[in-house]
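These are my notebook entries from a session with one structure. I went through contacts, rings, the pocket and the backbone in turn.

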Amino acid sequence: MTHFQFKENQLYCEDTSVTEIVEEFGTPLYLYSRQQLIDNFRSIDRAFAGVDHTTCYALKANSNLELLKLLVSEGAGADAVSAGEIHLALKAGFHPSKITFAGVGKQDSEIEYALKHGIFSFNVESTEELAVINEIAGRMNTKARIALRINPDIDASTHPYISTGLKTNKFGIDIAIAVNTFKYAHALPNLHVDGIHTHIGSQILKLDPFVQTAEKVVDLVTELRKTGITIQHIDFGGGYGVTYKNAVKHPMLPVEEATEADEAPLNNAFIASVLPILKQAGCKIVIEPGRSIVANTGILITKVLYRKDNGVKKFVIVDAGMNDLIRPSLYQAYHQIVPLTLNDSILENVDVVGPVCETGDFFARERTLPFVQRGDLIAILTAGAYGFAFSSHYNARPALAEVLVNGDKVRVIRERETIEELR
Ligand code: LLP
């Protein structure tokens, strides 16, 4: 997390003290580092140097328009999963020829919208969807470029809710029947079969599942060529994991217990592990990373409201809730938490919880943290992916503000919603 560091005992984002930012913009607050976003994108995109490719950022991870615009200026494409995301991608300036459209449940109106805007490719998830896209494209007097999403039945060894490449998951077409499904698609008059798509899950920390998937995909390309179906592009999805523990280090912070299973390879190591295999197919390569581009770009800053000790547990009650960052509640996800100012305070074991009326409203349980009290500011780190994007209005809590740091400058990239604006 190179652009979030302690300088002496103060947390900084790039050249700006986070506490000073909070004094101006209040809490809870999402804060992003512009340089971290750019560095992350480049670390992935440049690993493909010399190969015909597009890095289609997965908007679902974070679709803030200003962050999207930065990625546009870096040459990114976009991976969208709804008409709403296609709309945002277009608004941010992504060229339609660099937009892919994924999802198991595309509505007819969304298919029409995507066709109208001439996106690069539909990543199709079922035989029935192929027929529907063919029918809609025919009605609109156009041809839809498609890739078929293959379910390779590979265990990505990640949380079951974000594992997508197993037969028991709803995603993709069983690889065992893939050739026949491709033949069916090829015969439909209003489809142009162009690619193979695969995405086996998210927050994947091992290289091996990617390697196995790449091998299966390349074999399939070869098999399809024998039947006269020419595959032009492989969309290899996203899923590269990030390291959540010990993102920021300081002698006054506890060292978080981490095993190999908590450490993500570098972004370019994910690419390096599959690129030689994928290259054999001689296709254009598309990838769809989300988390690896934005996760460590953002933090969620929250203020301590109260402390409570019931003799069994100590609770630190903060002003952000599960509606602002649902990952700990939903996936028992681990996010490092640090005070913005470090003192020589004692370490203690606490639950960090929000104000929402749910027992599942927590950011950390039984966590060793420096002592904090009412008024103190803490940061929940590595919160840029599936943070704001996955937030809700539960308990009629307004959407948070988002700010972007660029060196010693800060600007609001989403105004804080007011209670009057709630509907
Ligand atoms: N492509 C497809 C088709 C996807 O379904 C996803 C994520 C991505 C790309 C981007 O994956 P990434 O590179 O971000 O891992 N809310 C969960 C993660 C859900 C991922 C859904 N699909 C979390 O907070 O961990």
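Leaving aside its neighbours within four places in sequence, with which residues is Ser82 in contact? I looked this up first and found Phe101 and Glu110, where contact means heavy atoms within 4.5 Å. I note that this is a predicted model, in which local features need pLDDT of at least 70 and side-chain atom pairs count only at pLDDT 80 or more, while totals for chains, interfaces and linings use all residues. Residues are numbered from 1 along each chain as its sequence is written, and side-chain values use heavy atoms, with hydrogens and water left out.

**Entry: Ser82 and Phe101**

I placed Ser82 in the loop between strand S6 (77-80) and helix H4 (83-92); helices (H or I, at least four residues) and strands (E, at least two) are DSSP runs, numbered from the N terminus. From Ser82 to Asn310 I computed 46 Å, C-alpha to C-alpha, with their positions 228 residues apart in sequence. Phe101, a contact of Ser82, has Lys106 over its face at 5.5 Å from the ring centre. The charged end of Arg365 likewise sits over the ring of Phe362, 4.1 Å from its centre. The criterion for a charge over a ring is that NZ of Lys or CZ of Arg is within 6 Å of the ring centre and within 35 degrees of the ring normal.

**Entry: aromatic pairs**

I searched the whole structure and found seven aromatic pairs. Rings of Phe, Tyr and Trp (its six-membered ring) pair if their centres lie within 6.5 Å, and planes under 30 degrees apart count as stacked, over 60 as edge-to-face and the rest as tilted. Phe210 and Phe236 form a tilted pair, at 6.3 Å centre to centre with 50° between the planes. This pair links distant parts of the chain, since Phe210 is in helix H8 (residues 208-226) and Phe236 in the loop between strand S12 (233-235) and helix H9 (267-279), 26 residues apart. Phe210 is buried at 2% relative accessible area, and Phe236 is buried at 3%; buried means under 20%, exposed over 50% and partly exposed in between (1.4 Å probe, protein chains only).

The rings of Tyr240 and Phe270 have centres 5.0 Å apart and planes at 20°, so I recorded that pair as stacked. Because Tyr240 lies in the loop between S12 and H9 and Phe270 in helix H9, the pair ties together parts that are 30 residues apart in sequence. I also noted that ring pairs link Phe210, Phe236, Tyr240 and Phe270 into a cluster.

**Entry: Phe4**

I found Phe4 in strand S1 (residues 4-7), buried with a relative accessible area of 0%. Leaving aside neighbours within four places in sequence, Phe4 has contacts that include Leu11, Tyr32, Val248 and Ile299. Glu110 is 39 Å from Phe4, C-alpha to C-alpha, and 106 residues away in sequence.

**Entry: backbone**

I logged a cis peptide bond between Thr27 and Pro28, with omega about -15°, and Pro28 lies in the loop between helix H1 (18-25) and strand S4 (29-33). Glu14 has a positive phi, near 50°, in a residue other than glycine, and is found in the loop between strand S2 (10-13) and strand S3 (16-17). Thr382 also has a positive phi, near 55°; Thr382 lies in the loop between strand S19 (377-380) and strand S20 (401-406) and is buried at 1% relative accessible area.
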